[in-house]
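Hi,

Here is the structure I promised to pass on. Have a look at it first, then read my notes below.

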Amino acid sequence: MDELKALATLSFDWADTPDHVWRDSPYHVDGLHAEALAALDTGIRDAATSDGPSPIGLVLRGLKGVGKTHLLGLVRRHVHRARGYFFLDDVTAAEAFWENTAEALRRGLSRPDDSGESQLKSFLLRVCLRAHVDAEVEARIRRGRGLTRDDVEAFVDGVASLDAMVADECGDTARALVLIASRDRAAKYIGDDYLDGDAELTSEAREWNIYSRPKPSRVLVQEITRLLALTGPVVIAVDQLDTLVARSMKRTQEIGDRAEEDLLVAQIADGLMGLREVTHKTLTVLACLPSTWDQIKSTAAATVPDRFRESVTLGRIVDARLGRALVERRLGVAYQSMGFTPPHPTWPVALPAFDEPWEQWTPRELLKRIGAHIDLCLRAGEARELTSFDEKAVVPVPAARSAVETDRFAELDSEFEKLKAEADPGGLLTERTVDKVMPGLLSAALRCWVTEVGDDDLEWSCERQNGRSEVHAWLTRTLDERADLQEHWAFRAIAARDPRAALSRFRKARSAAGQLQGADNRHLVILRDAWGRGAKTREEVAKFTAAGGRTVPPTADDVRTFWALDRMLATGGRELHEWLIDRRPASRSELLSAVLPEKPSGQPAEGTHPPPADDEITLGTVVGSGEPVRVELSALRKHAAVFAGSGSGKTVLLRRIVEECALLGVSAIVLDPNNDLARLGDPWPTPPDGWGPDDAQLAKRYLAETDVVVWTPGRATGRPLAFQPLPDFAGVLDDSDEFAAAVEVAVATLAPQARLTGSTAKANIGLAVLRQAVVRHARTGSRSLPELIELLTDLPEDVSNLNDANRIAAGLAETLKAAMVNDPLFAGGGEPVDPGALLTPADGKRARVSVISFVGLQAEEQRQNFVNQLQMELFAWIKRNPAGDRPLGALFVMDEAQTMAASGTLTASTRSTIVLASQARKYGLGLLFATQAPKGLHNQVVGNAMTQFFGRLNSPAQIAAANELARAKGSPVADISRLERAQFYVAGEAFGFRQVATPLCLSHHPASPLRLEEVIARAREE
């Protein structure tokens, strides 16, 4: 195996096998977190020697990436060696703390210990041996076959011989534990139903002497740990609190109210306090960020910190020798599995990288740096050594890749189609085979998907599952590494025909995925053709769907694709890596394109005939080959974004796209904040040297067929423009989602004018009253601001449930009246213009380009308010006038988009931009954004732009931000600062990244912008 192929194979496995708590890590290195392990061993001994009460808990504090997951795996191993039990409690919602913990115990009992048996089987066997239960009874309980009611009672009698009170109070729970270990499905379901808290006590349960009704989750936790404590110590590791707290903090920032966050932390603290009180001989281990624990301490009652010892802080790798050993181990395991002998144990990391002085790194930081280097080598086509982990070190820049030759991947294309043809979807999805094959197929699909979207920052993690797992595949995305904010997707195929068997698998998948109402960062996808019609099944599926769950019927083509990818991954290689990025087979599957958040470039929609060339626009030519790069006009429905700095040719590119669209009869609205787009109707004095052979004729057509109009909102001497300040509520009354969005946009528009800013209690109460009044007003279908003010002036009693709402509303009414006087544009001063006038060409013209100059809008807030009003009107108009079967109805162009749709705060214009970006495509309105600050543009806007251009940037921060965005499209743009003027990397929906030279615009574009009087003069032209 050559070095590049080894690196390509390594890149597939890099994030595919993260340390798993439930299996011994092959990457363990002695010396890592020795102090923490010593403290944990002490806690386990305290639990083992206790006569009942649980010892003081232990807090493992550490930054993301220091190895908390790895350490919890060692804790599991240590407690198993002490003949005890380990459980991982993933808290998905604070209000579900006890439900999560009870489920952690139920699921954890099925996990194996170091004997290879499940923890449940080991517990049952230990009770039998210690209580001298009859050998034949013990054998039937251990084998799970031939179990009788007398056998179960013999076990309960054995518990009584160890502790009569435990047997008396926890007898039914003990019976249920014996039943769920049975191989008899009917008996197993009875035990499952009881421990799942099924409200119905069936006659079958009474046949096993289970007469008490199922217990609340907190009681189940108490009873299970009391039973386990008869035979050994218990460790419950509480995880995922960082994600909960981070989500709550994010919500606080969005709504400006800490009440939800404080309640969540209080619920967590109450759960942690109760956990030590109700459990027996149980060590609670809390793994979290230092900031999470600090927040729990500051918010919770003083008794909570008293129940935990916080002396252990997980740190970075302080010793270069330990860092080298960790890298050797991680790489060595991977190389051994692929049969590759590296030049030296740490290759491709050079040995001098571990020399002193050694900067302290976390394990994750080391792996991220190595992963980024491997990806760079693959894209450059050359295996090089990493000589420094310092992020400021000079990194070799890969050569720009030209467009992929059409026959380059012919062999892989042929192999892919051949393997798809060999697959037997029907045979793979039977009840007998689904648990064996689907974990591998879904894992392969997700691994390929991660490769296709890019993962330089180890943002994505795909965990392998097996046929005994409650789910078949698991994908995790780290949204904020510092706050450990994560999002999860779990997949489970269920082929069982028996309704009870299907329901049992479904319940276990839901609990394993933590899919509950309110846990919006956890998604469960069930692959199943149809559910049964039983009342219980319908009820639980309805709850599942209401909580955001998805049931997706598996398609034969998807199964064939996943089968082919699984087999292609076995051979690996650099060509496969690039083939995935270019072809994107996983991203184009029906399943993954429907359920995953960022859909990578997909194929054009299939049809009986290819679209005519008249429906394409030219973006430029490939640097080096001169091959033209075109996109279908319909691709602009899914929006485009240009990330480039001053002097990059960004403005010329915007103009040319507008001109190309106009030539095809598509009108445009163009925002002009810098006075450099109002010349879109000016001819060149003489043909420029940069024109292509056909551009002179195209320019002549463009000027003859295009009606260019300049508008000057706020400037009565030009061509004034005004809109209604409130959305068209009447047009969205039948659509609850769009109605809610319109209300939010209206509130965001009115709030700053009503001086409802900040996060004070007064502002929050005022905002609530305003929102309630807007909802009442909107339901009438009226969009009149004076009528809304009239409603606020004398607020009806049934509008708001807040105290003193009438007085608050009256005050808001007076403030809004004053705002109408002080800001005529906010009041909709002047004759409101129908957006149709901006997009309807004059007689004899094919398209209209409306340039909206900001010369009359000097303040940033004025510009944002105006753009918000414009976008609300435009959205309402495009809904009434959709494109229908035309590829594109209109184009809306926003230059300096970071000022109108900023990533930091949700202004009114940001909200309406997000609404347009997410909704306008279905009506045929395309959006084109341009910005010099990639990170400054709201991520929901960027995420909806399927065609993206990356031009020259000079600021290191902006270059880094552009690379982060580009990786999501499949490739970094490391040499972006070296691009020439009018050179861009571009990725579209139907192709991967290409370096293109963009053409010169058809209208005159001198270096200097227009002066104020020149803009006014153009605006006054008829």
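Before anything else: this is a predicted model. As for the overall make-up, the chain has 37 helices and 21 strands. It runs to 1022 residues, and 58% of them are buried. If you take the contacts between residues at least 6 apart in sequence, 75% of these join residues at least 24 apart. The accessible surface comes to about 41,900 Å², with carbon and sulfur atoms accounting for 49% of that.

Now for the part I spent my time on, the sheet. It is an open one with 11 strands and mixed pairing, and if you walk across it you meet them in this order: β12-β11-β21-β20-β19-β13-β18-β17-β14-β16-β15. Why do β12 and β15 each have one side without a neighbour in the sheet? They stand at the edges, β12 at residues 628–632 and β15 at 706–711, and each has a single partner strand, so there is nothing from the sheet on the other side. Going from one strand to the next, the twist averages 20°.

One pair to zoom in on is β19 (residues 947–950) and β20 (residues 983–988): they run antiparallel and are joined by three bridges. Look for Phe950 there, which sits opposite Tyr985 in β20.

Last, find helix α33, residues 860–880, which packs on the sheet. The strands α33 touches are β14 (667–672), β16 (847–853), β17 (890–894) and β18 (925–931). Compare directions too: that of α33 makes about 165° with that of β17.

Shout if you get lost in it.

Cheers

Conventions. Residues are numbered from 1 along each chain as its sequence is written. This is a predicted model: local features need pLDDT of at least 70, side-chain atom pairs count only at pLDDT 80 or more; totals for chains, interfaces and linings use all residues. Side-chain values use heavy atoms; hydrogens and water are left out. Helices (H or I, at least four residues) and strands (E, at least two) are DSSP runs, numbered from the N terminus. Buried means under 20% relative accessible area, exposed over 50%, partly exposed in between (1.4 Å probe, protein chains only). Contact means heavy atoms within 4.5 Å. Accessible areas come from the Shrake-Rupley method with a 1.4 Å probe; for residues, only the protein chains shown count as cover. Two strands pair if DSSP finds at least two bridges between them. Axes are lines fitted to C-alpha atoms, for helices over the stretch in contact, and angles run from 0 to 180 degrees between N-to-C directions.
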